[in-house]
Amino acid sequence: METGTDTKAKEKKQAANDKETVIEIRHLKKSFGSNEVLKDINLDLYKGENLVVLGKSGEGKSVTIKCIVRLLEKDSGEIKVFGEEVGAMSDAELKKLRIRIGFLFQSAALYDSMTVRDNLEFPLRKVLKLKDEAEINKRVEDVLESVGLPDAADKLPSDLSGGMRKRIGLARTLIVNPEVMLYDEPTTGLDTITSEEISELIVKLQKKYQTSSIIITHDLSCAKITSDRIVIMNDGAYIAEGTFDELKESKDENVCAFFKQP
Amino acid sequence: MSESYTASRNKFLEEVGNQTSFMFRFFRNIFRGGFDWGELVRQCYIIGYKSIGLVGITGVILGFVLTLQSLPTLKDFGAESYVPRMVAVSVVREIGPVIIALICAGKIASSIGAELGSMKVTEQIEAMEVSGANAIQYLVVTRIIACTLMIPILTLMADALALVGGYVGNNVGGDVSAVLFYNKSFSAIDFVDLIPSFIKSIFFGFAIGFVGCYKGYNSDRGTESVGVAANSAVVSASLWIIVIDAIAVQLTSVLAYN
């Protein structure tokens, strides 16, 4: 006889099977010298969802998403993006894949010798090779409007606040219409109000651009606002999975530790 | 002692391997499509045009000082008429290219090392790579080619200005007409002097650009590494210039003057 928990688990599995998997990670391992950062990572990102990865600093959250776009080479395991094994891709295939994936860095990583407009035009001109000035201008204006900074085009990154830099970083990533977004600590270093604004912006833009996202964070407020599903990382592996409310009620000590934050 | 020697040897070999691999990436990316000519022109402007003042002043002073230092000695032998020839030959063959390359190593290699190093620290290079752009082609290839093109031109300019400095120096205590000074200078210089010197400065330019880019692109994380990248770029580029010069002089002696 099936218990309620079994039924719920079955329903979840069925729901997962119904969804299209965008990123599939199996038994991912990564070490730096003798420091084994990722011990056995298994993860699925489904189309259209916002997946939050919660974990303490130094647990290898950022390493995981850097392995997805091959900014770091994995030691072993399997990473499939859109059904293709990332490790087996040629340079040309990897470039095509990277165009389909947006990556927002913790520091926003704006090119500081260029104005905001040049930053936004860079991927259009150098990656998509667009030549039509009218289209480039339209895309720049649209994306600036989307992130709520329509008048920032001629400013230099050094003239922007932390929150504005994150918004422009987000705009530069979204301007090429990626299908998947990887956010590396999008609210780190921001005050509570700006942090919430950025989290709400992530949700708004996810709906507008129809992206699937992995959001790496240790900020509970960001996780609550942005997540459809959360996985918790501890000691180089994932220890729990569920919605924010499910995990908040968890009896597991390691999971509870995250939700005890003030 | 033995462990320390092994560690140093391994580090040296690793560095040689990394530099070779970086050079291979540079050459491979020259011939790839999508080369950014606009960025190359911008780098030529930054590296070439913005160094004109420093290189020009260095050239003038080089000729001026060389003349003033050699004039009294040559006077003792009654050979002061040889000053223009001596200045021309020594500046064009050796001192001009080497001094200008060392000056440029200090200005350009350090600037490239610090710029790319800070881009690495602030994840700008990773952002460029992950966006699908070819960071090596955009950042490295353009800078190395710009250095390779601009340093020889700057050297020629400095050589010419050194002769102006020499003329001024010769007239501090004497009275030599410009026509006579330049006639004597140019009579001493042959194509066999100019060509090896020009080729040498192309290699100097390549070394300055390559070392600056390598040190900056491969710097570690942390703000300290930006300083380390800039500093080691200057030291390594200067060392490379001296080594290339030693090889070039040997080759020139064998090929041109025998």
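What percentage of the 258 residues of chain B count as buried? In this predicted model, the share of chain B that counts as buried comes to 45%. The secondary structure of chain B consists of 9 helices and 0 strands, and its elements, read from the N terminus on, accordingly follow the order α-α-α-α-α-α-α-α-α. Along its principal axes, the C-alpha trace of chain B extends over about 65 × 50 × 35 Å. Among the contacts in chain B with a separation of 6 or more, 88% are accounted for by residues that lie 24 or more positions apart.

Helix H1 of chain B, which covers residues 2–30, is hardly covered, with a count of 1 buried residue among its 29 residues. The length of H1(B) was compared with the value expected for its number of residues: because each residue should contribute 1.5 Å, the 29 residues of the helix should span 42 Å, and the end C-alpha atoms are indeed 42 Å apart, in agreement with that expectation.

In chain A, by contrast, attention falls on a strand. Strand E8 of chain A, formed by residues 212–217, is mostly covered, as 6 of its 6 residues are buried. In a regular strand, side chains alternate between the two faces of the sheet. In E8(A), A:Ser212, A:Ile214 and A:Ile216 point one way, whereas A:Ser213, A:Ile215 and A:Thr217 point the other way, and all of these residues are buried.

The pairing of E8(A) involves strand E3 of chain A (residues 50–55), which runs parallel to E8(A) and is joined to it by 5 bridges, and strand E7 of chain A (residues 180–184), which is likewise parallel to E8(A) and joined to it by 5 bridges. A:Ile214 in E8(A) features in both pairings, since it stands opposite A:Leu51 and also opposite A:Leu182. The connection from E7(A) to E8(A) includes helix H7 of chain A (residues 192–209), and these three elements make a right-handed β-α-β unit.

The two chains are in contact through 13 residues from chain A and 11 residues from chain B. On the side of chain A that touches chain B, the elements that give two or more residues are helix H3 (91–100) and helix H4 (116–127) of chain A. By residue class, this side of chain A divides into 9 nonpolar, 1 polar and 3 charged residues.

Definitions and conventions. Residues numbered from 1 in each chain as written. Chains lettered and ligands numbered in written order. Predicted model: local features only at pLDDT ≥ 70, side-chain atom pairs only at ≥ 80, totals over all residues. Contact = placed C-beta atoms within 7 Å. Helix = DSSP H or I, 4+ residues; strand = E, 2+ residues; numbered from the N terminus. Nonpolar A, V, L, I, M, F, W, Y, C, P; charged D, E, K, R; others polar. Buried ≥ 20, exposed ≤ 12 C-beta atoms within 10 Å, placed from the backbone. Pairing = 2+ DSSP bridges. Right-handed = clockwise from strand over helix to strand, strands pointing away. Expected span 1.5 Å × (residues − 1).
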